[in-house]
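Colleague: Please take one part of this model, the place where charged side chains and packed helices come together, and go through it closely. I would like to know what touches what, and how buried or exposed the partners are.

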Amino acid sequence: MVTPLDTALWGILPYITLGVFIVGMIWRWRYDQYGWTTRSSQSYESVLLRLASPLFHFGIIFVFLGHLMGLAIPKSWTSALGVSEGAYHLVATIGGSIAGIMTLVGLILLLVRRRTYADVFKATTKTDKLMYVLLALPILLGFVATVINQVFGPSHGYDYRETISPWLRSIFLFNPRTDLMVDVPLSFQLHIIAAFLLFMIWPFTRLVHAFSAPIGYTTRPDIVYRSRTTGIATQEPKRGWEPVNMKTTTGQKR
């Protein structure tokens, strides 16, 4: 039986989330392009970042691709290709678990780095702190849901392709089937609600950089840094690369 709460969560909240996300992204692009950045803290600390960042980013990419295949591709399609339910469950569980562990470990290391290095922590805004909380929630809840239902659950795990997948597709067809979500395990429901909250704050955080394609990166000119202090270089600078006041000093000696 579909209750008013079910209608609100699975029939109304998705459209509120989509609306806030789309309008927010358009607003951010039009009025805050200079703020469209990761606000990198690599200059403050790079050793731990070199490990944590690839773990998190590659992990989250694999998690996204796994969600895309599992939720967007109907069960009938994989069955038509001869993929059994057992084989699908095995591949999805193993691959999803590895990607989830990578993402979770990477995020934990990023949070440890941000909290333990003073300069990095000083560069953390209130919006960043809220973002990290709402980013950690769906990742942690998704990992818990996978372990509870897919790893230690029934032999073939919970078949979300019979409930969550068609419900999500029905949202984009503007005919939400809220009845499909009534009996979904609570762990999956909490994971989805946490994801909605994350997408609602996405346009107003540094997460917007996920939609930036560094197309001109390989062809842009080098950025030249020049020091205004003499005696920093360990070798004689090449012609045209001398610090500004070195030219002045040389001219005075002559």
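Modeller: In the protein chain, 78% of the contacts (heavy atoms within 4.5 Å) with a separation of 6 or more are between residues 24 or more positions apart. This is a predicted model, in which local features need pLDDT of at least 70 and side-chain atom pairs count only at pLDDT 80 or more, while totals for chains, interfaces and linings use all residues. Residues are numbered from 1 along each chain as its sequence is written, and side-chain values use heavy atoms, with hydrogens and water left out.

The protein chain has 9 helices and 0 strands, where helices are DSSP runs of H or I with at least four residues, strands are runs of E with at least two, and numbering starts at the N terminus. Along the sequence the pattern is α-α-α-α-α-α-α-α-α. Of the 254 residues in the protein chain, 32% are buried, meaning under 20% relative accessible area; exposed means over 50%, and partly exposed is in between (1.4 Å probe, protein chains only).

The charged part is best entered at Asp128, which is in helix H6. The side chain of Asp128 forms a salt bridge with that of Arg39, at 2.8 Å from N to O; a salt bridge is a side-chain nitrogen of Lys or Arg within 4 Å of a carboxyl oxygen of Asp or Glu. Arg39 sits in the loop between helix H1 (4–31) and helix H2 (47–72), so the pair ties together parts that are 89 residues apart in sequence. The two ends are not equally covered: Asp128 is buried, at 3% relative accessible area, while Arg39 is partly exposed, at 36%. The backbone at Arg39 is also worth a look, with a positive phi of about 50° in a residue that is not a glycine. Most residues other than glycine have a negative phi.

Asp128 has a second positive residue to consider, Arg114. Arg114 belongs to helix H4 (residues 85–116). Arg114 is buried but has no salt bridge, and Asp128, the nearest side chain of opposite charge, is 4.7 Å away. In this count Lys and Arg are positive and Asp and Glu are negative, while His and the chain ends are not counted. Leaving aside residues up to four places away in sequence, Arg114 touches Ser41, Val120, Phe121, Ala123, Thr124, Tyr132 and Arg206.

Helix H6 (residues 126–151) also packs on helix H8 (residues 186–201). Two packed helices are described by the angle between their axes and the distance between the axes. Here the axes come within 8 Å and cross at roughly 160°. The axes are lines fitted to C-alpha atoms, for helices over the stretch in contact, and the angles run from 0 to 180 degrees between N-to-C directions. H6 and H8 are therefore roughly antiparallel to each other; that label needs an angle over 145 degrees, with under 35 counted as roughly parallel, 65 to 115 as roughly perpendicular and the rest as oblique. Their crossing is left-handed, a term for a near helix turned anticlockwise from the far one by less than a right angle, with clockwise being right-handed. On the H6 side the residues that meet H8 include Met131, Leu134, Pro138, Leu141, Gly142 and Ala145. Across from H6, the H8 residues include Phe188, Leu190, His191, Ala194, Leu197 and Ile201.

Asn149 of H6 is one of the residues that meet H8, and Pro185 touches Asn149 as well as Tyr158, not counting residues up to four places away in sequence. Pro185 lies in the loop between H7 and H8. Pro185 and Ile148 are 37 residues apart in sequence, with their C-alpha atoms 9.9 Å apart. The loop between helix H7 (164–172) and H8 also holds Phe174, a residue other than glycine with a positive phi near 55°. Phe174 is exposed, at 67% relative accessible area.

For context, the whole structure has 9 salt bridges. Among them is Arg28 with Asp32 at 2.7 Å, N to O; Arg28 is buried at 6% relative accessibility, and Asp32 is partly exposed at 26%. Asp179 and Arg177 pair at 3.9 Å, N to O, with Asp179 partly exposed at 42% and Arg177 partly exposed at 40%. Lys75, Glu85, Asp159, Arg161 and Glu162 are linked in a network of salt bridges.
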